[in-house]
2 protein chains.
Amino acid sequence: MTSPVSSKSDPATEALGFAAHDHDHCVETAMAAAEARCNAEGLQFTPVRRKALEILLQEHRALGAYEVLDRLRDAGFGSQPPVAYRALDFLVANGFAHKIERLNAFIACAHPGTSHSPVFMICRLCDSVAEASAGPTRGALGQAARDAGFQIERTVVEAEGICPACSEKAQA
Amino acid sequence: MTSPVSSKSDPATEALGFAAHDHDHCVETAMAAAEARCNAEGLQFTPVRRKALEILLQEHRALGAYEVLDRLRDAGFGSQPPVAYRALDFLVANGFAHKIERLNAFIACAHPGTSHSPVFMICRLCDSVAEASAGPTRGALGQAARDAGFQIERTVVEAEGICPACSEKAQA
DNA sequence: GCGATATATGATATGAGATAACATGACAAG
DNA sequence: CTTGTCATGTTATCTCATATCATATATCGC
């Protein structure tokens, strides 16, 4: 894992997945949405958890647990691994973030609120990650599972390849 | 990772994925096929690599790199992690084995020879893993990638849930 | 065959990801 | 006010993975 520290362009207009967007705005929106849903569902949106989500949203890329931990420490929280893992577990369990198995890293959910089986596209050159939403058990996997009598509870769907931006760069 | 040491029934007729089969035969067949393909393509099917594949085929479940390493050491090969990782990398790179990202573990390919994007079903109760073959970029993922202009090179598709055998046990 | 180059193996050391186990603090229910 | 639950924090340890350097074995061009 090389962590190329994603070359940033304009702090307020980076790539979300592979499309430009207003970053500050999306962070605010997502935090507000999380806030609201925690209130609605009686979840404890505690300071560490809030900060962890904020970190993931700000970076807008997949972060390792220890990267999150570093930032949590900087923010005055505990400095030991369980601190980060517990906050991340909470975020993942409640759909505010996802774990990218291929990278052993975590990323803020790009479609908060929506109940979904996420699908990820991971650029192997710039490590950017885009989240798409897919029908839960349609397609080949669902069919294979039905044929085998397997009850799917959770799916991991991750594609590795080259994102549009890196693809253009390579051609130039 | 609890490693429940998969409860075995008859050594020669265990579960491949979720279906019964003649285990000894499938090991022989797979080894012969690997042998043949390495010859055909000029790949060096060296003793460590051969042994590593044999280990995965014999166990017929997902093994961590260090479990493979233990067995390689027992067989007289080097005892340091890179020994196992290099052998496994070779097997994965050439399609003789796959890495299950969700488990950080490796499993022998169940469809050797066929060029394929594998799809896995992982039982969270007994840790058994079944491999199904799926069209490479059809379905939701392929569509999302095309929409985004993302070039897929490799896909990870893993479903976690309950296998038929454990499902029956649970009902009893 | 013979030497040059590439490929494979081996050991050392360390980096990176993850969790078990235990202690403390906040808070609500009884 | 005490008991139970949940969140936080720390220590220690475990598992997974790779960079690096040294040595050996193939393979290819001559």
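Two strands are taken to pair if DSSP finds at least two bridges between them. In the predicted model described here, strand E3 (residues 97–100) of chain B meets this condition with E4(B), to which four bridges join it, and the two run antiparallel. Within this pairing, Lys99(B) stands opposite Phe106(B) of E4(B). The hairpin formed by E3(B) and E4(B) has four residues between the strands, and Asn104(B) takes a positive phi near 50° there. Strand E4 of chain B covers residues 105–108; Ala105(B) and Ile107(B) point one way from the strand, Phe106(B) and Ala108(B) point the other way, and all are buried.

In chain A, Asn104(A) is placed in the loop between strand E3 (97–100) and strand E4 (105–108). The relative accessibility of Asn104(A) is 36%, so the residue counts as partly exposed. The C-alpha atom of Asn104(A) is separated by 8.7 Å from that of Ala62(A), and these two residues are 42 residues apart along the chain.

The two protein chains can be superposed. A rotation of 179°, with 0.0 Å of shift along its axis, places chain B on chain A with an RMSD of 0.1 Å. The two copies are thus related as by a two-fold rotation axis. Among the residues of chain B, Val157(B) comes closest to this axis, its C-alpha lying at 2.3 Å.

Val157(B) falls within strand E7 (residues 151–162) of chain B, which runs parallel to E5(B) and is joined to E5(B) by four bridges. In this pair of strands, Cys123(B) stands opposite Gly161(B) of E7(B). Strand E5 of chain B comprises residues 117–123, and seven of its seven residues are buried, so the strand is largely enclosed by the rest of the structure. Ser117(B), Val119(B), Met121(B) and Cys123(B) point one way from E5(B), while Pro118(B), Phe120(B) and Ile122(B) point the other way, and all are buried.

In soluble globular proteins, nonpolar side chains tend to be buried together. In the present model, the largest nonpolar core has 28 residues, of which Met121(A), Phe150(A), Met121(B) and Phe150(B) touch the most other members. Both chains supply elements that give two or more residues to this core: strand E5 (117–123), strand E6 (129–134), helix H5 (139–148) and strand E7 (151–162) of chain A, together with E5, strand E6 (129–134), helix H5 (139–148) and E7 of chain B. A second core, separate from this one, consists of 27 residues, including Phe45(B), Ala65(B), Leu69(B) and Val83(B).

The model also contains DNA strand C, which has 16 residues around it; Tyr66(A), Tyr85(A), Lys99(A), Thr46(B) and Arg86(B) come nearest. Of the atoms of DNA strand C that come within 4 Å of the protein, sugar and phosphate account for 49%. Base nitrogens of this strand are approached from both chains: one lies 2.8 Å from a polar side-chain atom of Tyr66(A), and one is 2.4 Å from an N or O atom in the side chain of Arg86(B). A phosphate oxygen of DNA strand C lies 3.5 Å from a backbone N or O atom of Ser79(B). At least two residues of the surface near DNA strand C come from each of helix H4 (81–93) of chain A and helices H2 (47–59) and H4 (81–93) of chain B. H4(A) gives the most, with three residues. By class, seven residues of this surface are nonpolar, six are polar and three are charged.

DNA strand D is surrounded by 17 residues, the closest being Thr46(A), Val48(A), Arg86(A), Tyr66(B) and Lys99(B). Sugar or phosphate makes up 50% of the atoms of DNA strand D within 4 Å of the protein, and the rest belong to bases. The side chain of Gln44(A) has an N or O atom 3.5 Å from a sugar or linking oxygen of DNA strand D. Phosphate oxygens of this strand lie 3.3 Å from a backbone N or O atom of Ser79(A) and 3.1 Å from an N or O atom in the side chain of Tyr85(B). Helix H2 (47–59) and H4 of chain A, together with H4 of chain B, are the elements that give two or more residues to the surface near DNA strand D. This surface has eight nonpolar, six polar and three charged residues.

Notes. Residues numbered from 1 in each chain as written. Chains lettered and ligands numbered in written order. Predicted model: local features only at pLDDT ≥ 70, side-chain atom pairs only at ≥ 80, totals over all residues. Heavy atoms only, no water. Buried < 20%, exposed > 50% of the residue type's maximum accessible area, 1.4 Å probe, protein only. Near = heavy atom within 4 Å. Polar contact = N/O pair within 3.5 Å; in protein donor to acceptor, adjacent residues only side chain to side chain. Nonpolar A, V, L, I, M, F, W, Y, C, P; charged D, E, K, R; others polar. Core = buried A, V, L, I, M, F, W, Y, C linked by side-chain atoms within 4.5 Å. Least-squares fit on C-alpha atoms with pLDDT ≥ 70 in both.
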